[in-house]
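Subject: Structure for you to look at, with notes

Dear colleague,

I am passing on the structure we spoke about, and I would be glad if you could open it beside these notes. What I found in it follows below the display.

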Amino acid sequence: MSECESFTKIFLGPKLLRLIEMSIQRQECPTICICSHDAGGAEILSSYVQQYGLKPIYALEGPALKIFQRKLGAINNQTLAEAINESDELLCGTSWQSDLEWRAIGLARKQKKNTAAFLDHWVNYRERFIRNSQEHLPDQIWVGDLDGEKIAREIFNNTNIKVLPNPYFEEIRLQLQTLVSVYEESQGLRVLYVCEPIREHALKEYGNERFWGYTEEEALRYFLSNVSKLNRAISEIVIRPHPSESYEKYIWAIKEFADLPIRQGGQSTLLQEIVVCDMVVGCESMALVVGLLAERRVISTIPPGGKPLSLPQRGIESFTELTQTK
């Protein structure tokens with residue numbers, strides 16, 4: 001499938017159909033702007049570009065730039081204005097750390113260019129498109145599974161919702177076939193704890209660090225204080241910071257829980273750290289879903305008093321329920 005076929009068949013709106021007809025007449029493909037900031041969306045979009053052999057124009061910032069470079073090599077990155085001006089259509093992620101994609105959608109729609117945003121999670125769908133009380137919705141919203149489609153259709157009544165196979169998950173499944181032999185049996189339980197900047201997100205979005213009833217530090221301390229409830233000898237606990245967090249953020253836990261075999265993670269890729277562990281633990285990070293794909297036991301450590309788990313995947317256990325039944 002050619003670059004032109006692989007991308008333009010996704011868009012079915014009349015504006016793009018006219019663009020496709022013009023492109024066929026000129027024997028050209030529409031030029032795509034790929035815009036991304038946060039890690040979740042960047043993983044999906046970089047996998048999409050890689051799998052379909054696209055040659056887009058890039059407007060990348062933050063963690064996204066490193067992710068694209070890791071997968072695709074050198075990136076000819078441009079400013080947002082340059083990338084939008086030189087492209088025919090926009091495909092972006094969504095971010096809570098930045099307004100980059102929000103600005104991209106607004107700018108592209110002002111220039112009457114077709115826009116799509118690929119959602120990378122299952123929470124805060126509406127908030128992703130709002131900054132300063134102003135909403136910028138794309139022409140299409142893409143989701144990677146039926147759970148995401150159900151949530152999106154309930155929220156966005158007048159927006160075209162498209163379900164595509166999640167390209168990041170497809171990449172993970174392929175990589176797992178080559179990495180599965182890395183796992184070795186161990187006498188003790190090897191735990192990967194995946195972190196996320198919950199406190200920072202809540203403060204930025206709602207002005208309250210504990211808007212969801214807990215912080216990332218509280219969740220990690222809750223797990224480490226009760227890890228004996230797993231009723232297994234622990235050989236290793238690896239704490240992996242989120243890509244947007246500093247490497248030193250959770251060093252306190254190694255000192256505070258010196259009796260536990262804790263070490264710092266994050267030097268390898270997420271999948272490399274998952275395949276050598278027995279269990280993936282965290283609050284509601286996308287990494288928990290990746291853990292399910294790798295057929296690991298997955299547990300959410302949202303502490304008592306925290307909001308209910310938003311991830312819809314049934315295979316994720318609740319650490320609170322486990323501790324209450326032990």
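A polar contact here is a pair of N or O atoms within 3.5 Å, and within protein one of them must be able to donate a hydrogen and the other to accept it. With that in mind, please look at the start of helix α7, where a side-chain oxygen of Asp145 reaches to within 3.2 Å of the backbone nitrogen of Asp147. Please also keep in mind throughout that this is a predicted model.

As a general orientation, the protein chain holds 14 helices and 14 strands, and of its 326 residues 55% count as buried. Among contacts between residues at least 6 apart in sequence, 65% join residues at least 24 apart.

Let me stay with α7 and the strands around it. Strand β7 (residues 140-143) and strand β8 (residues 160-163) run parallel and are joined by four bridges, with Val143 standing opposite Val163 in β8. Together with α7 (residues 146-155), these two strands make a right-handed β-α-β unit. Which residues of α7 are buried? They are Gly148, Glu149 and Ala152, and because they cover an arc of only 100 degrees around the axis, they lie on the same side of α7. What covers these buried residues includes β7 and β8, whereas the face of α7 turned away from its buried side carries the exposed residues Leu146, Lys150 and Glu154. As background to this kind of pattern, an α-helix has 3.6 residues a turn, so residues three or four places apart point the same way.

A second group of parallel strands can be followed further along the chain. Strand β9 (residues 189-194) is joined to strand β10 (residues 234-240) by six bridges, the two running parallel, and Leu189 stands opposite Ile234 in β10. β10 also pairs with strand β11 (residues 262-264), again in the parallel sense, over three bridges, and here Val238 stands opposite Arg263 in β11. From β10 the chain crosses through helix α11 (residues 251-256) to β11, and this β-α-β crossover is right-handed.

Helix α9 (residues 198-206) can be read in the way that α7 was. Its buried residues are Ile198, His201 and Ala202, and seen down the axis of α9 they fall within an arc of 95 degrees, so they line one face of the helix. These buried residues pack against α10 (216-225), and just after α9 comes Gly207, which takes a positive phi of about 75 degrees.

Two residues deserve a slower look, and I would start with Thr94, which sits in the loop between β3 (89-92) and α6 (100-110). Is Thr94 buried or exposed? Its relative accessibility is 4%, and because buried means under 20%, Thr94 counts as buried. The side chains of Thr94 and Arg128 are joined by a polar contact of 2.6 Å. Leaving aside residues up to four places away in sequence, Thr94 touches Asp38, Glu101, Ala117, Phe118, Leu119, Asp120, Arg128 and Phe129.

Glu101, one of the residues that Thr94 touches, lies in helix α6. With a relative accessible area of 3%, Glu101 is buried as well, and its side chain makes a polar contact of 2.8 Å with the side chain of Ser95. Again not counting residues up to four places away in sequence, the residues that Glu101 touches include Cys35, His37, Asp38 and Cys92, along with Thr94 and Ser95. Glu101 and Asp38 are 63 residues apart in sequence, while from C-alpha to C-alpha they are 9.7 Å apart in space.

Lastly, the nonpolar interior. The largest nonpolar core has 67 residues, of which Cys35, Phe68 and Leu90 touch the most other members. Helix α3 (residues 39-52) gives the most to this core, with six residues. Apart from this core lies another, of 29 residues, among them Cys195, Trp212, Ile239 and Met279. Cys35 is thus a place where two parts of these notes meet, as a residue that Glu101 touches and as a member of the largest core.

With best wishes

How values were computed
Residues are numbered from 1 along each chain as its sequence is written. This is a predicted model: local features need pLDDT of at least 70, side-chain atom pairs count only at pLDDT 80 or more; totals for chains, interfaces and linings use all residues. Side-chain values use heavy atoms; hydrogens and water are left out. Two strands pair if DSSP finds at least two bridges between them. A crossover is right-handed if, with the strands pointing away from the viewer, the path from the first strand over the helix to the second runs clockwise. Buried means under 20% relative accessible area, exposed over 50%, partly exposed in between (1.4 Å probe, protein chains only). The arc is that of the directions from the helix axis to the C-beta atoms. Contact means heavy atoms within 4.5 Å. A nonpolar core is a set of buried Ala, Val, Leu, Ile, Met, Phe, Trp, Tyr and Cys residues joined through side-chain atoms within 4.5 Å.
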